[in-house]
Amino acid sequence: MLESRVFRTMVVATALTVAIAAFIAPWRVTTGLLMGGVLALFSHSWLKNSAAAAIRLSADGSQSQWRLAQFVLRYVVIAAAVFAAYTLDVVSLTAVLAGMSSFVVAMFVEAIREFYFAIIKREEN
């Protein structure tokens, strides 16, 4: 439940920033925000799957170097994609980093949501 809310918030934050940037920012900034947001979604999804697999492996007592390597591979894939796009001068590096911060935005939204419900439930008692 929490994970799906965070993922949805990341999608909304990415879509909203790209939509706004399309009207007020240069195209490299818009492209960078889009790429950063998509990479953040990709990273979040990959991390969730890798972490679940690692937990299953540790529960079974078996060790798999491939599952552990996936944690590092995720960063290599992201870095390679950003490097390629920046080298081709298709994106603004600052915008890519800002787009990848959609997870931070999602965490703040979730924290505000939890704080709101804590206050509401406290007042009901």
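Buried means under 20% relative accessible area, exposed means over 50%, and partly exposed covers what lies in between. In this predicted model, Tyr-116 has 48% relative accessibility and therefore counts as partly exposed.

**Aromatic rings**

Two aromatic pairs turn up in a search of the whole structure. In one of them, Tyr-116 and Phe-117 meet edge-to-face, with 5.4 Å centre to centre and 65° between the planes. Phe-117, at 35% relative accessibility, is partly exposed, and Tyr-116 is likewise partly exposed. The ring of Tyr-75 has a charged neighbour: the charged end of Arg-74 sits over this ring, 4.4 Å from its centre.

**Salt bridges**

Side chains of opposite charge can pair when their charged atoms come close. The structure holds five salt bridges, including those in the table.

| Salt bridge | Closest N and O atoms |
|---|---|
| Glu-114 and Arg-5 | 3.8 Å |
| Arg-113 and Glu-110 | 3.7 Å |
| Arg-113 and Glu-114 | 3.1 Å |

Glu-114 and Arg-5 form a salt bridge with the closest N and O atoms 3.8 Å apart. This pair links distant parts of the chain, because Glu-114 belongs to helix α5 (residues 102-124) and Arg-5 to helix α1 (residues 2-24), 109 residues apart. Arg-5 has 15% relative accessibility, so this residue counts as buried. Glu-114, at 42%, is partly exposed.

The salt bridge between Arg-113 and Glu-110 stays inside one helix: both residues lie in helix α5, three residues apart, which is about one turn of the helix. Here too the burial of the partners can be stated. Glu-110 is buried, with a relative accessible area of 8%, whereas Arg-113 is partly exposed at 30%. Arg-113 also forms a salt bridge with Glu-114.

Taken together, Arg-5, Glu-110, Arg-113 and Glu-114 are linked in a network of salt bridges.

**Ser-102**

Ser-102 is found in helix α5. Is Ser-102 buried or exposed? At 4% relative accessibility, Ser-102 counts as buried, since the cut-off for buried is under 20%. Not counting residues up to four places away in sequence, Ser-102 touches Met-10, Ala-13, Thr-14 and Ala-40.

**Nonpolar cores**

Which residues make up the largest nonpolar core? There are seven in all: Met-35, Leu-39, Ile-78, Val-82, Ala-85, Val-91 and Val-96. Helices α2 (27-60) and α3 (65-87) each supply at least two residues of this core. Helix α3 gives the most to the core, with three residues.

Ala-85 is one of the residues of this largest core. Leaving aside neighbours within four places in sequence, Ala-85 is in contact with Met-35, Val-90 and Val-91. Apart from the largest core lies another core, of five residues, among them Val-6, Met-10, Ala-40 and Ala-106. Met-10 and Ala-40 are also among the residues that Ser-102 touches.

Conventions:
Residues are numbered from 1 along each chain as its sequence is written. This is a predicted model: local features need pLDDT of at least 70, side-chain atom pairs count only at pLDDT 80 or more; totals for chains, interfaces and linings use all residues. Side-chain values use heavy atoms; hydrogens and water are left out. Rings of Phe, Tyr and Trp (its six-membered ring) pair if their centres lie within 6.5 Å; planes under 30 degrees apart count as stacked, over 60 as edge-to-face and the rest as tilted. Buried means under 20% relative accessible area, exposed over 50%, partly exposed in between (1.4 Å probe, protein chains only). A charge sits over a ring if NZ of Lys or CZ of Arg is within 6 Å of the ring centre and within 35 degrees of the ring normal. A salt bridge is a side-chain nitrogen of Lys or Arg within 4 Å of a carboxyl oxygen of Asp or Glu. Helices (H or I, at least four residues) and strands (E, at least two) are DSSP runs, numbered from the N terminus. Contact means heavy atoms within 4.5 Å. A nonpolar core is a set of buried Ala, Val, Leu, Ile, Met, Phe, Trp, Tyr and Cys residues joined through side-chain atoms within 4.5 Å.
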